[in-house]
Amino acid sequence: PKSFGTGAGGSARLQIVDRINTEWFGDYITTNLYNKANRTDAHIGWNVMFYILNPKGFTRKFTPFVAAGHCFDYTGIRLNGENQKMHDRWTAAVQMSIGCHYNITPKFDISVSTLYVLHLGKEVDADLQNDGSVVINEHNNAGWEGHVMLIISAHYKFLKLWNLKK
């Protein structure tokens, strides 16, 4: 069967008010498909995070959130072997997630979230045939097909852009 993809990325957050934060990100993920092809995914986008509980300056240990956003993404699939054609596409996607920050200090947190990405354009996928070959399919319409990501991240707050005193 297909395997899980692994990758890395980076993000930065810009908090607007106490319970609303924004996150700007980029990532790069590779996946081995049936040991017969390789898939590459890359995303660049943003999320708006809403804190379910008031973070109280991130002094509470756990800060749960829901988020929604948009990204531009790239998917490429290449069959293994010499001179194999690359099937790829660029498109946009919307995403939604649920997660939680574990605030080690008010300036440093480790976060875990689950993100569902729904593609809005052409989809590229690989299917294993009964004879053991892999066929790459391109679907021209958007559907409910997307992918789920489990994200583990660490963030350090190193800059306060404004000081709102009450």
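Visitor: Which side chain does a polar contact of 3.1 Å join to that of Thr-22?
Guide: In this predicted model, Thr-22 belongs to strand S2, which covers residues 20–33. The side chain of Thr-22 also has a polar atom 2.7 Å from the backbone oxygen of Leu-14. The partner in the side-chain contact of 3.1 Å is Trp-24.

Visitor: Is Thr-22 buried or exposed?
Guide: Beyond its neighbours within four places in sequence, Thr-22 is in contact with Ala-12, Arg-13, Leu-14, Ile-16 and Asn-47. Its relative accessible area is 10%, and the cut-off for burial is under 20%. Thr-22 is therefore buried.

Visitor: How many helices and how many strands does the protein have?
Guide: Read along the sequence, the pattern is β-β-β-β-β-β-β-β-β. The count is accordingly zero helices and nine strands.

Visitor: What share of the contacts with a separation of 6 or more comes from residues 24 or more positions apart?
Guide: One example of a pair distant in sequence is Tyr-51 and Val-17, which stand 34 residues apart along the chain, with C-alpha atoms separated by 10 Å. That separation describes C-alpha atoms, whereas a contact requires heavy atoms within 4.5 Å. For the protein as a whole, the share of contacts from residues 24 or more positions apart is 58%.

Visitor: Which two side chains have polar contacts with the side chain of Tyr-51?
Guide: Tyr-51 lies in strand S3, residues 37–51. Not counting residues up to four places away, Tyr-51 touches a set that includes Asp-18, Ile-20, Phe-58, Pro-64 and Phe-65. Polar contacts join its side chain at 2.9 Å to Asn-21 and at 3.0 Å to His-101.

Visitor: What is the relative accessibility of Tyr-51?
Guide: A residue is buried if its relative accessible area is under 20%. Tyr-51 counts as buried because its relative accessibility is 0%.

Visitor: Where does the side chain of Arg-39 find a backbone oxygen 3.4 Å away?
Guide: Arg-39 is placed in strand S3 and, at 12% relative accessibility, counts as buried. Its side chain is joined to that of Asp-41 by a polar contact of 2.8 Å. Among the residues in contact with Arg-39, leaving aside those within four places in sequence, are Glu-123, Val-124 and Asp-125. The backbone oxygen 3.4 Å from a polar atom of the Arg-39 side chain is that of Val-124.

Visitor: Which strands each supply at least two residues of the largest nonpolar core?
Guide: This core has eight residues: Leu-33, Tyr-34, Ala-37, Ile-77, Val-124, Ala-126, Val-134 and Ile-136. Strands that each supply at least two of the core residues are S7 (123–128) and S8 (134–139).

Visitor: How many residues form the other core, which lies apart from the largest one?
Guide: In the largest core, Ile-136 is in contact with Ile-77, Val-124 and Ala-126, among others beyond its neighbours within four places. Apart from that core lies another, whose members include Ile-29, Ala-93, Leu-115 and Val-117. Its number of residues is seven.

Visitor: What is the phi of Asn-35?
Guide: Most residues other than glycine have a negative phi. Asn-35 lies in the loop between S2 and S3 and, at 61% relative accessibility, counts as exposed. Its phi is positive, near 60°.

Visitor: Which loop holds Lys-56, a residue with a positive phi of about 50°?
Guide: Lys-56 is not a glycine, although its phi is positive. With a relative accessible area of 54%, Lys-56 is exposed. Its place is the loop between S3 and strand S4 (62–79).

Visitor: How far apart do the centres of the positive and negative side chains lie?
Guide: The C-alpha atoms fill a box of roughly 65 × 30 × 25 Å along the principal axes. There are 17 positive and 14 negative side chains. The centres of the two sets are separated by 16 Å.

Visitor: What percentage of the accessible surface belongs to carbon and sulfur atoms?
Guide: Of the 166 residues in the protein, 35% are buried. The accessible surface comes to about 10300 Å². The part that belongs to carbon and sulfur atoms is 62%.

Terms used
Residues are numbered from 1 along each chain as its sequence is written. This is a predicted model: local features need pLDDT of at least 70, side-chain atom pairs count only at pLDDT 80 or more; totals for chains, interfaces and linings use all residues. Side-chain values use heavy atoms; hydrogens and water are left out. Helices (H or I, at least four residues) and strands (E, at least two) are DSSP runs, numbered from the N terminus. Buried means under 20% relative accessible area, exposed over 50%, partly exposed in between (1.4 Å probe, protein chains only). A polar contact is a pair of N or O atoms within 3.5 Å; within protein, one must be able to donate a hydrogen and the other to accept it, and residues adjacent in sequence count only if both atoms are side-chain atoms. A nonpolar core is a set of buried Ala, Val, Leu, Ile, Met, Phe, Trp, Tyr and Cys residues joined through side-chain atoms within 4.5 Å. Accessible areas come from the Shrake-Rupley method with a 1.4 Å probe; for residues, only the protein chains shown count as cover. Lys and Arg count as positive and Asp and Glu as negative; His and the chain ends are not counted. The place of a charge is taken as NZ of Lys, CZ of Arg, CG of Asp or CD of Glu.
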